[in-house]
Amino acid sequence: MSPLPPADPALLAATARTIRGLSMDAVQAADSGHPGAPMGMAEMATVLWTRVLRYDPADADWPDRDRVVLSNGHASMLLYSILHLAGVRSATLPALTLDHLRNFRQLHSPTAGHPEYGHVAGVETTTGPLGQGIANGVGMALAEAWLRERFGADLVDHHTWVFVGDGCLMEGISQEAISTAGHLGLGRLNVLYDDNRITIDGATDLSFSEDQTARFRASGWEVLSVDGHDAAALEQAMLAARAQQERPTLIRCRTTIGKGSPAKAGTSDSHGAPLGADEIVRSKQQLGLDPAEHFAVPADVTGFVRGRDAERAATREAWQERLAASEHGDDFARYHSAPDLGAVQWPSFEVGTNLATRKSSGAVLNAIAAQVPQLLGGSADLAGSNGSLLKGFDYVQAGAMGGRNLAFGVREHAMGAICNGLALHGGVQPYCATFLVFHDYMRPSVRLASLMGLPVVYVYTHDSVFVGEDGPTHQPIEQLMAMRTIPGLRVMRPADAAESAAAWKLALERTDGPTALALTRQGLPVLDRGPGKLASADQAAQGAYVLSPAAGAARACIVATGSEVPLALDAQARLAADGVPVQVVSMPCWELFEEQDASVQDAVLPPGLPTVSVEAGITFGWSRWADAHVGIDRFGASAPGAKVAAYLGLTADAVVGAVRGLL
């Protein structure tokens with residue numbers, strides 16, 4: 001990119017003043033919010049958007065745009081202000097208006113308290129939980145590098161910019177993300193650190209004293225330090241960061257929180273509450289703004305911010321011409337579309353053999369990978385155990401982005417957030433894997449994927465006390481039900497290899513949210529679903545289905561998930577031998593079943609029919625579907641898995657007893 005002619009310092013300063021004024025006014029009008037960070041970061045945003053950023057405000061979804069992440073999401077008015085000034089819009093989302101800013105933090109307003117993906121053009125991810133954004137940014141930068149390896153710089157040639165604050169760098173997820181980015185040499189990742197040394201409780205020296213420069217350099221980053229209020233110095237540092245291609249760059253921007261406020265600048269008082277009407281008057285007087293004006297946007301500021309829009313549009317149009325002329329155009333479109341599973345050669349599994357669902361999942365995953373080139377993922381150092389390795393493909397490494405396996409290391413929290421960044425970037429279908437019990441380490445990232453509706457797939461193996469000898473620290477008990485409490489997350493627990501294939505198909509066909517697969521360590525029988533036998537696993541698409549009807553009029557129903565389905569079938573046979581016909585329902589996915597019409601639900605779980613649930617986890621919640629429960633409402637024990645299950649009462653005898661108890 002050619003160097004720009006020098007900017008008018010007066011217009012740079014006026015733009016920063018305008019951002020400060022808008023931020024003060026919006027927070028005051030809402031009587032809620034965080035004015036200090038936007039006021040302190042105003043020059044950073046001004047320089048980035050007017051002097052450095054590659055974007056076209058008329059097309060916020062242009063694939064080759066620079067990405068901007070506000071990891072310190074409480075500074076949302078910084079982002080909303082500059083997006084309004086720039087007029088950023090997309091085909092589906094209009095530009096922010098002053099009325100949107102006036103309705104900051106109000107019901108149904110797109111200007112939520114923390115930026116929300118899909119509500120505002122130019123908001124690349126939902127942030128607020130500190131540290132998530134920097135990990136999302138790592139995912140976006142990784143996606144850019146991975147796609148550039150495939151399509152070349154003519155089609156993929158952008159950078160990722162992440163604003164972070166002290167709180168982001170305190171959160172543990174930030175170190176996981178920083179380490180990953182440095183290891184992978186993500187040279188197009190640039191982090192702008194609002195180094196204001198203030199948090200809600202006061203100065204950061206209360207709790208945060210390590211040398212951030214040394215920390216980042218030790219993790220393989222370039223580090224630059226500037227005065228965060230010096231526009232010329234900021235531009236020079238950002239251009240240097242953009243030129244650095246071998247390693248990610250941290251730009252330490254020494255700033256004053258609440259800059260411009262006579263009484264509250266540099267203090268925690270400006271962090272998380274309105275400045276107050278009187279202080280806003282004094283602040284505007286000090287800044288050279290008219291205290292009588294609210295939400296003021298001078299015409300020369302708008303003209304300055306948008307002054308290069310024709311050039312920006314021309315850059316995008318030239319890219320579109322290159323795409324249209326490229327031999328890679330069809331593949332580029334394929335990568336940026338939902339996975340096409342039409343050509344997948346789904347594996348077959350021999351009936352009666354014992355096969356852990358983690359292993360059948362691995363076979364299915366590799367069959368999918370052969371036909372879905374945008375599939376990219378990995379494990380938190382458990383690839384062999386999780387069955388998550390794409391065979392025949394290398395690991396992605398620094399300077400070698402041709403692989404399709406990601407080595408996340410033992411970094412579950414960042415793994416989840418990086419996958420969110422991969423999905424947000426586009427061009428990648430991400431998945432990640434670990435033991436189910438370690439979902440707890442990544443739950444915040446999973447929650448945000450659900451909130452944003454991202455089609456990330458989580459492969460969670462070793463899904464019950466059948467983990468065995470590793471003991472209660474590694475045996476999931478409450479995790480299945482805890483995942484089901486996350487709105488928008490589909491939790492699928494297949495009963496055999498056929499349901500594993502169905503689960504993967506459903507997960508990859510979904511475009512509006514994430515899916516978690518809960519898979520066994522231990523072998524399970526491949527069920528006989530031939531003619532006249534058990535029902536087809538295709539019915540898993542409705543969440544629950546009658547796997548084995550009763551031999552005669554059913555007197556009861558057993559509903560089970562995953563590894564407990566064979567247990568339910570055993571109990572069904574024992575009860576039938578005693579003249580008690582019962583039906584067995586496999587329920588691989590509560591969430592899909594909840595979406596069905598009442599007629600479907602009633603056909604599977606008839607109202608009034610005594611029903612027993614069976615699942616190797618807590619029974620809390622099962623009263624929605626069943627009258628009695630066989631489960632585990634305590635932590636496990638260290639012993640071979642089958643012995644632990646028997647000790648905890650997870651047996652066919654217990655299921656038979658529960659059914660008889662209802663009858």
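How many positive and negative side chains does the protein have, and how far apart do the centres of the two sets lie? Colour them in your viewer: there are 50 positive and 71 negative side chains, and the two centres lie 2 Å apart. Keep in mind as you click around that this is a predicted model.

**Stop 1: the whole chain**

Switch to a cartoon view. You'll be looking at 25 helices and 20 strands. The radius of gyration is 28 Å, close to the 26 Å that the globule rule gives for 663 residues, so the protein is as compact as a globular protein of that length. Turn the C-alpha trace along its principal axes and you'll find that it spans about 90 × 55 × 45 Å.

Now show the surface. Its accessible area comes to about 24,000 Å², and 51% of that belongs to carbon and sulfur atoms. Plenty is hidden underneath: 60% of the 663 residues count as buried. The chain also meets itself over long stretches of sequence. Among contacts between residues at least 6 apart, 77% join residues at least 24 apart.

**Stop 2: the nonpolar cores**

In soluble globular proteins, nonpolar side chains tend to be buried together. To see this here, select Leu-142, Leu-186 and Tyr-458. These three touch the most other members of the largest nonpolar core, which has 69 residues. Next, select helix H6, residues 132-151, which gives the most to this core, with 11 residues.

Zoom in on Leu-186. Setting aside residues up to four places away in sequence, Leu-186 touches Val-138, Ala-141, Leu-142, Ala-145, Ala-181, Arg-247, Pro-248 and Met-401.

Another core, of 56 residues, lies apart from the largest one. To find it, select some of its members, including Ala-30, Met-44, Leu-79 and Val-226.

**Stop 3: Thr-515**

Is Thr-515 buried or exposed? Its relative accessible area is 1%, under the 20% cut-off, so Thr-515 is buried. You'll find Thr-515 in strand E14, residues 515-518. Beyond its neighbours within four places in sequence, its contacts include Val-456, Val-457, Tyr-458 and Leu-489. Arg-490, Met-492, Ala-507 and Arg-510 are in contact with Thr-515 too.

For a distance check, add Ile-173. It is 342 residues from Thr-515 in sequence, and the two are 22 Å apart in space, C-alpha to C-alpha.

**Stop 4: Thr-46**

Last, go to helix H3, residues 42-52, and pick out Thr-46. Thr-46 counts as buried, at 1% relative accessibility. Which residues does Thr-46 touch, not counting those up to four places away in sequence? Select Leu-12, Thr-15, Ala-16, Ile-19 and Arg-51 to see them.

Methods. Residues are numbered from 1 along each chain as its sequence is written. This is a predicted model: local features need pLDDT of at least 70, side-chain atom pairs count only at pLDDT 80 or more; totals for chains, interfaces and linings use all residues. Side-chain values use heavy atoms; hydrogens and water are left out. Helices (H or I, at least four residues) and strands (E, at least two) are DSSP runs, numbered from the N terminus. The radius of gyration is taken over C-alpha atoms; the globule rule is 2.2 Å times the number of residues to the power 0.38. Buried means under 20% relative accessible area, exposed over 50%, partly exposed in between (1.4 Å probe, protein chains only). Contact means heavy atoms within 4.5 Å. Accessible areas come from the Shrake-Rupley method with a 1.4 Å probe; for residues, only the protein chains shown count as cover. Lys and Arg count as positive and Asp and Glu as negative; His and the chain ends are not counted. The place of a charge is taken as NZ of Lys, CZ of Arg, CG of Asp or CD of Glu. A nonpolar core is a set of buried Ala, Val, Leu, Ile, Met, Phe, Trp, Tyr and Cys residues joined through side-chain atoms within 4.5 Å.
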